[in-house]
Amino acid sequence: MNKISSTSPNAARHPDPWRLNIDLHCHSTVSDGTLGPREVVRRAHRNGVQAMALTDHDEVGGLADASDEAARLGLCFIPGVEISVSWADETIHIVGLRIDPLNPELVQGLANVRGGRQARAQEMADGLARAGIAGSYEGALKYVGNPKLISRSHFARHLVEVGACSSMKQVFERYLIRGKPGYVPHRWARLAQAVGWIIGAGGVAVLAHPARYRLDQTGLWALVTEFREAGGRGIEVVSGSHSESDFARFGKWSQDFGLAASRGSDFHDPEESKYDLGLLPRLSRSLVPLWADWPELMQMQPTLADV
Ligand code: AMP
Ligand code: MN
Ligand code: MN
Ligand code: MN
């Protein structure tokens with residue numbers, strides 16, 4: 001596999017980017033997180049995060065508040081988004097970082113991606129009703145912070161609350177994944193479109209949590225190749241959606257494909273999430289951190305232990 005450098009050779013590089021506490025993936029009530037944008041930033045700051053991106057699903061509506069709160073606390077804020085993509089019959093997530101949230105094509109594209117969520121949710125509720133769970137649309141709505149962004153997570157929280165399942169994980173396995181009664185197939189953005197919106201808005205596109213997709217080695221290879229050809233430049237390696245063995249596995253993919261490595265908790269809620277904001281392992285020194293040449297981080301002092 002040919003290696004291409006993911007950062008320009010002449011760009012200034014941070015002397016020790018691995019030991020900066022950077023969290024480039026998390027959610028607020030603007031999508032399916034349970035803390036408001038300002039609360040997420042305050043929590044990250046308390047946890048020692050030095051720079052963070054808020055990456056709500058298909059939405060940039062929380063970025064202004066989050067950015068304002070970060071400025072107040074002296075934390076570096078990176079505007080972000082996590083775009084839902086349909087690729088080869090699978091749903092893929094693409095994280096966009098350092099985007100201009102006012103870019104008209106991005107704003108319109110995200111509005112289109114969000115468009116079908118309400119009708120999809122109604123259909124999900126119909127499916128669940130046929131399986132004996134009534135009133136789940138209204139139940140899910142109680143958890144929704146943004147009426148344009150009703151997601152499977154909101155249904156899952158409701159089903160746990162009413163005792164239909166004992167955990168979010170169980171709800172997904174029994175009701176919300178393909179083949180289960182509450183699953184409704186949906187057409188999201190195309191891969192090249194999502195990457196194009198991010199690049200057009202001045203940002204960098206990152207393949208989110210590659211371990212999560214139901215793809216074999218060949219499928220994953222095709223996905224990563226197409227992502228890179230579309231202009232994608234990063235891949236999540238240390239992710240709250242990954243196991244520790246995935247960190248090593250996708251570190252290798254990062255090296256083999258010349259994609260810079262990213263680190264993000266994918267934090268949604270203090271109880272539900274595997275890693276709290278910023279409290280996850282640092283990237284291996286054998287990897288190129290996505291943020292190594294970001295000018296806004298250049299003067300930052302490393303804080304993570306050198307283990
Ligand atoms: P949606 O965009 O409506 O399809 O919802 C997708 C969201 O559901 C993801 O972003 C996760 O937050 C959540 N999710 C997906 N699979 C699981 C799972 N197995 N356990 C818990 N949450 C999940
Ligand atoms: Mn989510
Ligand atoms: Mn995701
Ligand atoms: Mn996410």
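How far apart are the manganese ion (ligand 4) and the manganese ion (ligand 2)? They are 4.5 Å apart. The model is predicted, so every distance below is computed from predicted coordinates.

**Manganese sites**

Start with the manganese ion (ligand 4). Its donors are His-25 (NE2), His-27 (NE2), Glu-82 (OE) and Asp-266 (OD), at 2.1 to 2.2 Å. Along the chain these donor residues are spaced H-x1-H-x54-E-x183-D. His-27 sits in the loop between strand 1 (22-23) and helix 1 (37-46), and Asp-266 in the segment after strand 7 (260-264), so this pair ties together parts that are 239 residues apart in sequence.

Next comes the manganese ion (ligand 2). Asp-32 (OD), His-57 (NE2) and His-268 (NE2) are its protein donors, lying 2.2 Å from the ion. Their spacing along the chain reads D-x24-H-x210-H. His-57 belongs to the loop between strand 2 (51-54) and helix 2 (63-73), while His-268 lies in the segment after strand 7, so the two tie together parts that are 211 residues apart in sequence.

The manganese ion (ligand 3) has Glu-82 (OE), His-93 (ND1) and His-209 (NE2) as protein donors, at 2.1 to 2.2 Å. The sequence spacing here is E-x10-H-x115-H. Glu-82 lies in strand 3 (residues 76-87) and His-209 in the loop between strand 5 (204-207) and helix 9 (217-229), so this pair ties together parts that are 127 residues apart in sequence. The manganese ion (ligand 3) is 5.5 Å from the manganese ion (ligand 2).

Glu-82 is a donor to the manganese ion (ligand 4) and also to the manganese ion (ligand 3).

**Ligand 1**

Which pocket does ligand 1 take? Ligand 1 takes up the space of the largest pocket. The residues around ligand 1 are Asp-32, His-57, His-93, Arg-117, Arg-120, Ser-151, Arg-152, Ser-153, Lys-169, Phe-172, Arg-212 and His-268. By class, this shell holds one nonpolar, five polar and six charged residues. Helix 4 (117-130), helix 6 (152-161) and helix 7 (168-176) each contribute at least two residues to the shell.

Some shell residues are also metal donors. Asp-32, His-57 and His-268 are in the shell and serve the manganese ion (ligand 2) as donors. His-93 is in the shell too and is a donor to the manganese ion (ligand 3).

The table gives polar side-chain contacts to oxygen atoms of ligand 1.

| Residue | Distance to an oxygen atom of ligand 1 |
|---|---|
| Asp-32 | 3.0 Å |
| Ser-153 | 3.3 Å |
| His-268 | 2.9 Å |

On its own, ligand 1 has 510 Å² of accessible area, and the protein covers 79% of that.

Conventions
Residues numbered from 1 in each chain as written. Chains lettered and ligands numbered in written order. Predicted model: local features only at pLDDT ≥ 70, side-chain atom pairs only at ≥ 80, totals over all residues. Heavy atoms only, no water. Near = heavy atom within 4 Å. Polar contact = N/O pair within 3.5 Å; in protein donor to acceptor, adjacent residues only side chain to side chain. Areas by Shrake-Rupley, 256 points an atom, 1.4 Å probe, with all protein chains shown as cover. 1 Å grid on protein atoms, 1.4 Å probe; cavity = no way out; pocket = protein on both sides within 12 Å on 5 of 7 lines; lining within 4 Å. Sits in = over half its atoms within 2 Å of the grid points. Helix = DSSP H or I, 4+ residues; strand = E, 2+ residues; numbered from the N terminus. Nonpolar A, V, L, I, M, F, W, Y, C, P; charged D, E, K, R; others polar. Donors = N, O, S within 2.8 Å, 3.2 Å for Na, K, Ca; no water.
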